[in-house]
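Me: I should like to learn how to read a structural model feature by feature. Could we begin with the terms and then turn to the case at hand?

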Amino acid sequence: MSGTTAVLADSVWSDAALKFQNTLVVVAAFLGIVLLVFFAAGRATGRIARPLTIAVFLGPALVLLLFGLVIPALGTINLSFRNDDSTRYVGNRNYIWAFTSDPIRQVLTNTLLWIIIAPVVTTVLGLAMALLVDRMKRQSFYKSLIFMPMAVSFVGASFIWRFVYEARDPNQPQVGLLSQVVIALGWKHPPNWILEQPLNNFLLMVIMIWVQTGFAMVVLSAAIKAVPDEITEAARIDGAQGPRLLFYVTIPMIRNTLIVVLTTVMITTLKVFDIVRTMTGGNFGTQILANEMYSQKFVQFDAGRGSTLAVILFVAVLPLVIYNIIQLRKERATR
Amino acid sequence: MTAGTVTAEQARARPALPAAKAVRRSFSSPIASLIVIVMAVLWTIPTFGLFVTSVRPAREVATTGWWTIFTNPHVTLSNYETVLFQSSFGSSAGLMPYLVNSLAITIPATIIPLTLAAMAAYALAWVRFKGSDTIFFIIFALQVVPLQLALIPLQQLFNEQLARVGIDLQGTYVPVWTAHTMFALPIAVFLLHNFIAQLPRDVMEAAMVDGANHFKTFRSIVLPLSTPALASFTIFQFLWVWNDLLVGLTFTGGTPDVAPLTVRLAQLGGSFGRSWELLTAGAFVSIVVPLAVFFSLQRYFVRGLLAGSVKG
């Protein structure tokens, strides 16, 4: 047994060494080519020097953007008007399907619940933490703990929470924390969390909230610190305190940041399919738009419907992203 | 807001309190501290439970909760040996090949877009030409395209169209590197342009006067001066690629040859649904790299994540 393990481990290491070697060769070759082109193009003189400079600096990025984003995005819009294997046009049939068929209606309802509940809870929790943590000793320690889930992948986060939600027969010892806690609190027969509709949708949202609250807290904490001293001082002298100070002074002052946090989490919520895919695969009434889009194309092999859902996703995030970018630019301009 | 409006009583009540602390003070109390501590503990326990489970013996994990380790402290590293190296964990050689793949995907998929974006950002900021503003605006506007919108045709390009003309890239890292590079460019050009455009003009002009061409200026002046922006983007992109599932799933096909850890873990969730000592060890292997980056480079990490939070 240990013999075979050793042999296997040997081949694993040589395989790893080969992959690393290839990767490093590619990176070195890439940087080498860039330097070589720089050197060659730098020797050009006269009228071609300037256009050549522009082409060398800008060309690679523009070519990649054209073939990697612009043309494929247009291609998706085109595919969304075609049938499952893209052999003929079907008009707007995919869009009618996307808005009227029963299974998709549940997907859209779930998605709507996600993009309302997860961002609002995240922002409120983040704001509360930003306000509360600010006065504490060793606040960076607590902030780090709350921010830490941001570092973990959504797949990793899903595993962490699947284990929390693990349910065993109520008569046996529990291994999942949630079941253990509710049984200790006196709920004799807790459900199998992941299968229990519609509760499971909210349990999946908890994962998103867990990951994103640290982000909301850090951004809002910075915004609160940036509120000018004179303003809070003036309000305080006028007699504002506690909740009044919060709701009439602080929150209005950081309103733009609050909305940016809210929309940023909304965009993430719309686009992330990792949580639902890892936790339930979209079964048990938990499907959302981003995962349905992936399933339609790569499980059902219906490029038409998959593309249609991608376009709907794009249209849904578009106003949020535009708003966000405008806000960020404004903030930069005033700084 | 003159001193006269402050009554003597108010002044005495809050002797040395800076104004900025007013709001915070309203919220400070033992209860506030308690709420924060409870919240921090709640936020940490799930990850802690995962880690504890990953070092417990299989038999105990199957029958008791991880919290019993405090009364029954048995610790083992054999779960890690199993998930990393042994064939019993699903594939021919455990998670090790996928861990290697994750690194082999992430390193080029960070360096290549970083280099190309810095070049483009420099050209748009300092080699100004007719139409450079328009090009910058178009790249900037491409941030609104979610990668889902480009996914299907791009996947078809790599899997079908290129194969038809004799370029078979399946089973190599090339599609996933390229896809990550393409998807990173709009935000990367935008962020680096913001920084590079604000480098001091006289430094740039001095270099030009000294006879340096744009290539030399870029290498010897712009890159060194842009280190903070480059570092933030590097960390952001490294973690984005490392944690990514969608691009990895679409462009690697899920084989041990090229698929990253996240893809393999997502597969295992189904087939090893009950072997929690292995699943937790596997999940911990995948999150330990970002956690190490987080705790060692926290400041850059936060800055990078905030800067990239609007990525498509």
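Reply: Let us begin with burial. A residue counts as buried when its relative accessible area is under 20%, as exposed when that area is over 50%, and as partly exposed in between. The model shown here is a predicted one. In this model A:Arg236 is buried, because its relative accessibility is 12%.

Me: Does A:Arg236 stand alone, or what is its salt-bridge partner?

Reply: A salt bridge requires a side-chain nitrogen of Lys or Arg within 4 Å of a carboxyl oxygen of Asp or Glu. A:Arg236 forms one with A:Glu233, and their closest N and O atoms are 2.8 Å apart. Both residues belong to helix 9 (residues 229-237) of chain A, where they lie 3 residues apart, about one turn of the helix.

Me: Which residue forms a salt bridge with A:Asp102, and at what distance?

Reply: The partner is A:Arg105, with the closest N and O atoms 3.8 Å apart. These two residues lie in helix 4 (residues 102-133) of chain A, 3 residues apart, which is about one turn of the helix. A:Asp102 is classed as exposed because its relative accessibility is 58%. A:Arg105, at 47%, is classed as partly exposed.

Me: In which helix do B:Glu205 and B:Arg201 lie?

Reply: They lie in helix 10 (residues 201-209) of chain B, 4 residues apart, again about one turn of the helix. Their side chains meet in a salt bridge with an N to O distance of 3.6 Å. B:Glu205 has a relative accessible area of 41% and is therefore partly exposed. B:Arg201 reaches 52% and so counts as exposed. Over all chains, the rule gives 8 salt bridges.

Me: How many salt bridges does the rule find across the interface of chain B and chain A?

Reply: The rule finds 0 salt bridges there. Across that interface it does find 13 residue pairs in polar contact, with both residues at pLDDT 80 or more. The side of chain B that touches chain A is made up of 81 nonpolar, 35 polar and 10 charged residues.

Me: How much area do chain B and chain A bury between them, and how many residues take part?

Reply: The two chains bury about 11200 Å² between them, and 77% of this area is on carbon and sulfur atoms. Of the area that chain B buries against chain A, B:Trp43, B:Phe215 and B:Trp276 supply 8%, more than any other three residues. The largest share of the side of chain B that touches chain A comes from helix 6 (residues 96-126) of chain B, with 17 residues. In the contact, chain B contributes 126 residues and chain A contributes 120 residues.

Me: What does chain B consist of in terms of helices and strands?

Reply: Chain B has 16 helices and 0 strands. Of its 312 residues, 58% are buried. Among the contacts in chain B with a separation of 6 or more, 72% join residues 24 or more positions apart.

Me: Is helix 5 of chain A mostly covered or mostly open?

Reply: Helix 5 (residues 139-147) of chain A is mostly covered, with 7 of its 9 residues buried. Among them are A:Tyr142, A:Leu145, A:Ile146 and A:Phe147, and A:Lys143 is buried as well.

Me: How should one read a loop residue such as B:Thr76?

Reply: One may ask where the residue sits and what it touches. B:Thr76 is placed in the loop between helix 4 (58-63) and helix 5 (78-85) of chain B. A polar atom of its side chain lies 2.9 Å from the backbone nitrogen of B:Ser78. Beyond its neighbours within four places in sequence, B:Thr76 is in contact with B:Ser54, B:Val55, B:Arg56 and B:Pro57.

Me: Where does pLDDT stay under 50 in each chain?

Reply: Where pLDDT is low, the predicted coordinates should not be read in detail. In chain A, pLDDT stays under 50 over residues 1-6, for which the model has 3 contacts beyond four places in sequence. In chain B, the corresponding stretch is residues 1-17, with 12 such contacts. Among the elements of chain B, helix 1 (residues 8-13) has the lowest mean pLDDT, 43, and helix 6 the highest, 94. Chain B averages 83, and 85% of its residues score at least 70. Chain A averages 88, and 96% of its residues score at least 70.

Conventions: Residues numbered from 1 in each chain as written. Chains lettered and ligands numbered in written order. Heavy atoms only, no water. pLDDT = per-residue confidence, 0-100. Contact = heavy atoms within 4.5 Å. Buried < 20%, exposed > 50% of the residue type's maximum accessible area, 1.4 Å probe, protein only. Buried area = accessible area lost by both parts, 1.4 Å probe. Polar contact = N/O pair within 3.5 Å; in protein donor to acceptor, adjacent residues only side chain to side chain. Nonpolar A, V, L, I, M, F, W, Y, C, P; charged D, E, K, R; others polar.
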